[in-house]
Amino acid sequence: MTDLAYGSIGEMRIYPLYCGGDMTDWAVFDPFDPRAGQKVFNPYFVYVITHPEGNVLFDSGAHPTLRTDPHSRLGATADSFQVVMTEEDWLVPRLASIGMSTSDISHVVQSHLHFDHAGGLEWLTHAKVYVQRDELAFARNPPRYQREIFVQKDLNHPIDWIELDGEFDLFGDGLLRIFPTPGHTKGHQSLLVHLRSRPVFLLGDAAYLVSKMRERLVPAVAWSPDAFMSTWDLVEEIERSQNALLVATHELDYETSVPMAPARWYA
Ligand SMILES: [Zn+2]
């Protein structure tokens, strides 16, 4: 590790930016949950990581048109995921809340490309966008059972894709490490961020809820249950060996468990 990288550890922060959410059936989180058939509020988040070599965005959130005209992007699926967003609940105003604009973001790591994670790419065509090669292919030609939750309009921009085949150390200093975590989708990936206090593992949708992961209960939106099992073994191994804090994007108790920007952050 270089002196620069070592010296920078104290500077790095993760700003979790809340971006609205949707009313989703409990069955999405676990088809066998006794609350299946009831709706629950499922939050959306993006995360800004400040690194000396550039500000990194982990996921880009839902497109703002989901607030005003969800059917234009999701079709009939808009009725199953009832989006709840205010004018402030998307990438641009949330970046402004921490004094940033999209031009301050140089690198984007996309966990995967579902509509609630990839809708901000339209504003990030100047940035390098890191995605697993398998994810981009999966998103461009989704299987029937996930077709409605990939929105091709999110991807059809002149995006500077960096297609990865496996693990990747973003700046070569060990501080931001990408790990493939397939299961939810074919090319899902998660980001391990080495902050001064402790590593934080941004899971994306590698698990919807850590509590369900602990019990190895597979959510309804799954490419491969077998891949989920291997991914969850890896996530828990990294948690143990690195003392990493696990942060799932859609954790339902976010109001108490997530230090939300601009007032709070991970450091
Ligand atoms: Zn997803």
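Me: Which residue in β11 stands opposite Val193?

Reply: In this predicted model, where local features need pLDDT of at least 70, side-chain atom pairs count only at pLDDT 80 or more, and totals for chains, interfaces and linings use all residues, the residue opposite Val193 is Val200 in β11. Residues are numbered from 1 along each chain as its sequence is written, and side-chain values use heavy atoms, with hydrogens and water left out.

Me: What makes β10 and β11 a pair?

Reply: Pairing needs at least two bridges found by DSSP between two strands. Strands β10 (189–194) and β11 (199–204) are joined by four bridges, so they count as a pair. The two run antiparallel.

Me: Why are β8 and β12 called edge strands?

Reply: Their open sheet has the order β8-β9-β10-β11-β12, with mixed pairing. Both β8 (168–169) and β12 (245–248) pair on one side only.

Me: What about β4 and β7 in the other sheet?

Reply: That open sheet has seven strands, ordered β4-β1-β2-β3-β5-β6-β7, and its pairing is mixed too. Since β4 (82–84) and β7 (160–164) each have a single partner strand, one side of each is left without a neighbour in the sheet. On average, neighbouring strands here are turned by 25° against each other, direction ignored.

Me: How do you know which strand partners β7?

Reply: Five bridges join β6 (128–132) to β7, and the two run parallel. One of the bridge partnerships links Gln132 with Leu164 in β7.

Me: What makes α7 a helix that packs on this sheet?

Reply: A helix is a DSSP run of H or I with at least four residues, while a strand is a run of E with at least two; α7 covers residues 133–140. It touches β6 and β7, contact meaning heavy atoms within 4.5 Å. The direction of α7 makes about 85° with that of β6, on a scale from 0 to 180 degrees between N-to-C directions of axes fitted to C-alpha atoms.

Me: How many cavities of 30 Å³ or more are there?

Reply: There are two. A cavity is a set of points on a 1 Å grid where a 1.4 Å probe fits but cannot get out, and lining residues have an atom within 4 Å of a point. The largest has a volume of about 100 Å³, with 13 lining residues, of which Asn42, Phe81, Phe115, Asp116 and Tyr208 lie nearest its centre. The second largest has about 50 Å³.

Me: How is the lining of the second largest cavity divided by class?

Reply: Into eight nonpolar, no polar and one charged. Its lining includes Phe29, Leu209, Trp232 and Lys212; Lys counts as charged, Phe, Leu and Trp as nonpolar.

Technical notes:
1 Å grid on protein atoms, 1.4 Å probe; cavity = no way out; pocket = protein on both sides within 12 Å on 5 of 7 lines; lining within 4 Å. Points joined across faces, edges and corners; volume = space filled by probe spheres on them.
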